[in-house]
Amino acid sequence: MTDSWLTPRGIFFSEGFALSSAIKELGADFIIESGTAYGGSAEMLAILCDTPMITIDTHAEYDSEEYTRNRLSKYEHVKMLNGDSWNLIPMILNKIKKNKIAIFIDGPKGGDAYKMMREILKNYSDRIVLIAVHDVKCDSKVASLYRKDFPDALFTDEQDNYFSPWREQIDQHMLKINKEKYGGATASSLDKDWGGGYLQKQYKETPLGFGMVLIEGPFV
Ligand SMILES: C[S@@+](CC[C@H](N)C(=O)[O-])C[C@H]1O[C@@H](n2cnc3c(N)ncnc32)[C@H](O)[C@@H]1O
C-alpha cells in the first residue's frame, strides 16, 4: 500500500483503508466498483483484499482505459469492464452466484449515486453486505438522505466518530512517507515522478478527505 500513490481523482488512503476493512470485516466474497478512472481505489482494494473484484468505467470522462489496464494487469483477482454501471451492475448481479457482495460507487456522483444505490438495493438487497459511496461529505445535502435511510451509516470525514482517529493516523503516515519520497507538493499527474506529491497538495485542501459513506447490510 505504501508503494501505491494518488492518481488524479483518486480516493484518500484512509478512505481505501476504511473500505477494505469493512469489506474484510463483513466477509464480502465479491466486490463491484463503479468508477475505475485511473485505478487508484481499485489498486488499494486489490492490495488490501484478496476478494475477486470487477471494476467498471465508461472511460468517457477521462481517457483512462489503457493506463489503468496496465496498472491493474498484475492483479489476477481484478477484472476491468468498459461500460455503463447502470447496465452492467444488474447484469453482473444476475449472473454471479455470490451472496456477500460489496458495492463501491465512485462515479456517478451525488444524487445519481444515491439513486444507483437505491436501485441496487431494490432488487438485490439480500445479497449485498456493504454499500459505500465516495465524494459524500458528511455535511452535504445528499448525506442527509443517507442518514435518513441508514441512521448507522459511517461518514469517513466526520470530525468525531470511531473512525476519525484512524483517518488522521493513516493519512499522516502516508503523508510523512510522501514528503520523504517526493519533497514538496505537486499537481496531480499520471507520471509518478511528477504527480507523486499530489497527496500533499490534496491534503492541504481537504484534510478530512473527500468523504465517503459506508453502509453495512443486511438490507432486508
Ligand atoms: C472520481 S473518478 C473515480 C476515481 C477512482 N475510483 C480512484 O479512486 O482512483 C469517477 C469515474 O466514474 C466514472 N463514471 C461515472 N459514471 C459512470 C457510470 N454510470 N458507469 C461507469 N462509470 C462511471 C467516470 O468515467 C470516472 O472515471
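User: How do the residues of the shell around the ligand divide into nonpolar, polar and charged?
Analyst: This is a predicted model. In it, 22 residues surround the ligand. By class, the residues of that shell divide into eight nonpolar, nine polar and five charged.

User: Which residues are the closest to the ligand?
Analyst: The shell holds 22 residues. Helix α2 (40-48), strand β2 (53-57) and helix α4 (85-95) each supply at least two of its residues. The closest to the ligand are G10, G35, G40, S41 and G107.

User: In what order do the seven strands form the open sheet?
Analyst: The pairing in this sheet is mixed. At the edges stand β3 (78-82) and β6 (154-155), and each of these pairs on one side only. Read across, the order is β3-β2-β1-β4-β5-β7-β6.

User: Why is strand β4 largely enclosed by the rest of the structure?
Analyst: Look at its two faces. On one side I101, I103 and I105 are buried, and on the other A102 and F104 are buried. A residue counts as buried if 20 or more other C-beta atoms lie within 10 Å of its own. Strand β4 (residues 101-105) is largely enclosed because its buried residues number five of the five.

User: In which sense, parallel or antiparallel, do β1 and β4 pair?
Analyst: Strand β1 covers residues 30-34, and five bridges link it with β4. F30 stands opposite I101 in β4. S34 has I105 of β4 as its bridge partner. The sense of the pairing is parallel.

User: How many bridges join β4 to β5?
Analyst: Strand β5 spans residues 128-134 and runs parallel to β4. I101 has its bridge partner in I128 of β5. I103 has its partner in I131. The number of bridges joining β4 to β5 is five.

User: Which helix makes a right-handed β-α-β unit with β4 and β5?
Analyst: The two strands run parallel. A helix completes the unit with them, and the unit is right-handed. That helix, residues 110-124, is α5.

User: Which residues of β1 are buried on the side other than that of F30, I32 and S34?
Analyst: Both faces of β1 are covered. Five of the five residues in this strand are buried, so β1 is largely enclosed by the rest of the structure. F30, I32 and S34 take one side, and the other side belongs to I31 and E33.

User: What is the bridge partner of I32 in β2?
Analyst: β1 and β2 run parallel, joined by four bridges. Together with α2, these two strands make a right-handed β-α-β unit. The β2 residue that partners I32 is I54.

User: In which sense, parallel or antiparallel, do β5 and β7 pair?
Analyst: Strand β7 covers residues 212-216, and five bridges link it with β5. L130 has E216 of β7 as its bridge partner. H134 has M212. The sense of this pairing is antiparallel.

User: Which strand supplies the largest share of the largest nonpolar core?
Analyst: That core has 51 residues. Those with the most contacts inside it include L130, A132 and V133. Six residues of the core come from one strand, and this is the largest share. Seven of the seven residues of that strand are buried, so it is largely enclosed by the rest of the structure: the strand is β5.

User: With which residues is I31 in contact, leaving aside its neighbours within four places in sequence?
Analyst: I31 is among the residues with the most contacts inside the largest nonpolar core. I31 is also buried on a face of β1. Its contacts beyond those neighbours are I23, L45, C49, T51, M53, A102 and F104.

User: How many other C-beta atoms lie within 10 Å of E168?
Analyst: E168 lies in helix α7 (residues 164-182). This residue is partly exposed, because its count falls between the cut-offs of 12 or fewer for exposed and 20 or more for buried. The number of other C-beta atoms within 10 Å is 13.

User: What distance separates the C-alpha atoms of E168 and L208?
Analyst: Along the chain, E168 and L208 are 40 residues apart. E168 belongs to α7. In space, the C-alpha atoms of E168 and L208 are separated by 8.0 Å.

Methods. Residues numbered from 1 in each chain as written. Predicted model: local features only at pLDDT ≥ 70, side-chain atom pairs only at ≥ 80, totals over all residues. Near = placed C-beta within 6 Å. Nonpolar A, V, L, I, M, F, W, Y, C, P; charged D, E, K, R; others polar. Pairing = 2+ DSSP bridges. Right-handed = clockwise from strand over helix to strand, strands pointing away. Core = buried A, V, L, I, M, F, W, Y, C linked by C-beta atoms within 7 Å. Contact = placed C-beta atoms within 7 Å.
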